[in-house]
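This report concerns the aromatic rings of one protein model and the charged groups placed over them. Please consult the sequence and the structure shown below while reading.

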Amino acid sequence: RFLYKDQIHAGYGVYSRTVNTLEFALGLRGEYTRVDTYLQNTEERNVQNYVNLFPSVQGLYTLDEVNALKFTYSRRIDRPTAWRLNPFPDITDSLNVRRGNPNLQPELINSFEIGHLANFKKASLTSNLFYRKVNGELDFITIVEDGISYSQPENLLSSESYGLELIGTAEVNDWYSLNGSFTLFRIAVDGSNISEEFTNSGFSWNAKLIQDFKLPKGFNFQIAANYDSPEIEAQGRDLSQYFIDMTVQRGFLGDKANLSLSVRDVFDTLRFAGNALTNRFSQEFTNKEETRIVLLSARFNF
């Protein structure tokens, strides 16, 4: 029995202005967070209180009717979820035990982006160069004792990533349109606060493509394909993940009603796998859940 309570109190202000072809906005958000967890089985209680400030800067400079340049900076927070804070062990697999960590702190993220926007009549292309620094990066750390591996999330010292992101949309004709994205980045993680060997770096990429088809008789068909390449972690790397979703829908009664049929992970390929490597042991793991799901939904607007 794990009890989780949190309170988040926040206030923010934004100042924005337009000067000729330059638009900019300055923002500041302040937050007070209180987290209270209690594992009744062992009477473990953990209370955290912290205050954070989150500035942001956004700028957009319009070059002409088609092209524009943008710049953004923001400081964000990513709090650990309740299940990551729960120290109760999951022994579904008695040789590979997973547990949470009630002492986890939130990730604090500083993000910079410089980009170019091109808007055409039936297409658009956005390109971004980005840099992100994460203090307190959350990652699962595995130790092996007496032939049993124990994994729990820990706060690493930091991680850094930089790369290129491309986002495009196009209306090819009256019945076919598409949008997609591609990101190439290098990431470096520093877990030297836990062990000197928990540092790693490497390149990764991911891509997404969504295609929409307008079919006869008022039907719409969509295919969404996703691919994430292998990505490094503090102790090793996660292997690639890929899957395809499909949806067909049709409106009725002048689009007041809608019927939709979706198939998630059509080819049942989505799984989480990877490897861990230290000076003491090596480990390979695969986790396959039931990801192929058929969903039928109906909506009516009054």
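Which residues do ring pairs link into a cluster? The cluster joins W175, Y176, F213 and F221. The model in which these rings are placed is predicted.

A pair of aromatic rings is described by the distance of the centres and the angle of the planes. By the pairing rule applied here, the count comes to 13 aromatic pairs. One of them is formed by Y15 and F24, a tilted pair with 6.3 Å from centre to centre and 55° between the planes. Y15 is partly exposed, with a relative accessible area of 46%, and F24 is partly exposed as well, with a value of 26%.

Within the cluster, the rings of W175 and Y176 have centres 5.9 Å apart and planes at 40°. Why is this pair described as tilted? Planes under 30 degrees apart count as stacked and those over 60 as edge-to-face, so the angle of 40° makes the pair of W175 and Y176 tilted. The two partners are set apart by their accessibility: W175 is partly exposed at 46%, whereas Y176 is buried, with a relative accessible area of 15%. Y176 is called buried because its 15% is under the 20% cut-off.

Arginine side chains also lie over aromatic faces, as the following table shows.

| Arginine | Ring below | Distance from the ring centre |
|---|---|---|
| R98 | F140 | 4.4 Å |
| R132 | F130 | 4.3 Å |

Thus R98 is placed over the face of F140, and R132 over the face of F130.

Conventions:
Residues are numbered from 1 along each chain as its sequence is written. This is a predicted model: local features need pLDDT of at least 70, side-chain atom pairs count only at pLDDT 80 or more; totals for chains, interfaces and linings use all residues. Side-chain values use heavy atoms; hydrogens and water are left out. Rings of Phe, Tyr and Trp (its six-membered ring) pair if their centres lie within 6.5 Å; planes under 30 degrees apart count as stacked, over 60 as edge-to-face and the rest as tilted. Buried means under 20% relative accessible area, exposed over 50%, partly exposed in between (1.4 Å probe, protein chains only). A charge sits over a ring if NZ of Lys or CZ of Arg is within 6 Å of the ring centre and within 35 degrees of the ring normal.
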